[in-house]
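Hi,

Here is the structure I promised to pass on. Have a look at it first, and then read my notes underneath.

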Amino acid sequence: MRKIAIINQKGGVGKTTTVLNIAHALALQGKRILVLDMDPQAHLTAGLNVNPRDCTGLDAALLDGESLKAHMLEVRNNLFLVPAGVRLCDVEILGAAEGRGERLRASLLPEQDWDFILIDSPPSAGMLVMNSLYAVDEILIPVSADYFGLQGVSYLMSTLKNFEDKLGHTLQHRFVVTRFHRRRTLGKEVLEKLQAYFPHAVLQTVIRELAALAVSPGFGQTIFEYDASCPAAKDYATLAEDIVQDRTKP
Ligand SMILES: Nc1ncnc2c1ncn2[C@@H]1O[C@H](COP(=O)(O)OP(=O)(O)O)[C@@H](O)[C@H]1O
Ligand SMILES: [Mg+2]
């Protein structure tokens, strides 16, 4: 079982899009996938066509100690979701109480045989993200291929380093470049710099900026349901394979 948190305190870099589509790509391969929507905005929940206003989920697990299992919804074949829940934002307000991270970690221990557990995160570096980091062994950082894309990365890495020092061990980290425009040199620069700073940690596949990825969540569809033969579906299917095989750029 692999447990991966998708994090970046910058919004709009493609965290939720990446969780949605790699989760479904892996589920379509027959792997058993659990996704957790750790963002109070609940875009992952909505993107999987579940009405966020109707459900409890991680809020009840983190605030009331309820079991995750009680809140799992089978949203596709082989793909299960624990929704955000309307009270999830209270976790940030209430702060670092009662070992919520440890509780989350404990509740992810394999009572069910998941191949992958993927956690979507809010665009912050607060308590919700810290709780996710407790529960996982790996992190995946989407970096958007634009001017500000790289700016938050060094801050993120130092936050992460502080967390790992407290934790006493490191988390494997990988990067994926998202929202890439082939005709813009800026995107290539972001990719080259990221590779130079983090050799062997940038996944091989680059996710292009493609309209289908922006449109499909509005239909409650993953890219594979919206149009399985489109270039965006190819990008995310290949990225999912990179993750399975840990294929990185040199
Ligand atoms: N590769 C892409 N091409 C086109 N639109 C994208 C792409 N990735 C994300 N988007 C769109 O950009 C917006 C932000 O993406 P999202 O995944 O929600 O980012 P985050 O979760 O990091 O805030 C969404 O409207 C999403 O549909
Ligand atoms: Mg998001």
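A nitrogen atom of ligand 1 lies 3.0 Å from a polar backbone atom of L210. Keep in mind that this is a predicted model, so treat every distance here as computed from it. Two side chains reach the ligand's oxygen atoms as well. For T17, a polar side-chain atom is 2.5 Å from an oxygen atom of ligand 1. For R179, an N or O atom of the side chain is 2.9 Å from an oxygen atom of ligand 1. The protein covers 82% of the accessible area that ligand 1 has on its own, which is 550 Å².

Where does ligand 1 sit? You'll find ligand 1 in the largest pocket. There are 14 residues around ligand 1, and the ones that come nearest are G12, K15, T16, T17 and R208. As for the secondary structure, two or more residues of the shell come from each of α1 (15-28) and α9 (211-215). Which of the elements gives the most to that shell? That is α1, with 3 residues.

Next, have a look at strand β5, residues 116-120. Is this strand mostly buried or exposed? With 5 of its 5 residues buried, β5 is largely enclosed by the rest of the structure. The cut-off behind that word is under 20% relative accessible area. The side chains of the strand split into two sets: F116, L118 and D120 point one way, I117 and I119 point the other way, and all of them are buried.

β5 also has strand partners. Strand β1 (residues 2-6) runs parallel to β5 and is joined to it by 5 bridges; within that pairing, R2 has F116 as its bridge partner. Strand β2 (residues 33-37) pairs with β5 over 5 bridges, again in the parallel sense. Here the bridge partner of D37 is D120, whose side is shared by F116 and L118.

One last residue to click on is R174, in strand β7 (residues 172-178). Its relative accessibility is 15%, so R174 counts as buried. What does the side chain of R174 make a polar contact with? The partner is the side chain of D246, at 2.7 Å.

If you only have a few minutes, I'd start with T17, R179 and L210 around ligand 1, then turn to β5 and its pairings with β1 and β2.

Cheers

Key:
Residues numbered from 1 in each chain as written. Chains lettered and ligands numbered in written order. Predicted model: local features only at pLDDT ≥ 70, side-chain atom pairs only at ≥ 80, totals over all residues. Heavy atoms only, no water. Buried < 20%, exposed > 50% of the residue type's maximum accessible area, 1.4 Å probe, protein only. Helix = DSSP H or I, 4+ residues; strand = E, 2+ residues; numbered from the N terminus. Pairing = 2+ DSSP bridges. Near = heavy atom within 4 Å. Polar contact = N/O pair within 3.5 Å; in protein donor to acceptor, adjacent residues only side chain to side chain. Areas by Shrake-Rupley, 256 points an atom, 1.4 Å probe, with all protein chains shown as cover. 1 Å grid on protein atoms, 1.4 Å probe; cavity = no way out; pocket = protein on both sides within 12 Å on 5 of 7 lines; lining within 4 Å. Sits in = over half its atoms within 2 Å of the grid points.
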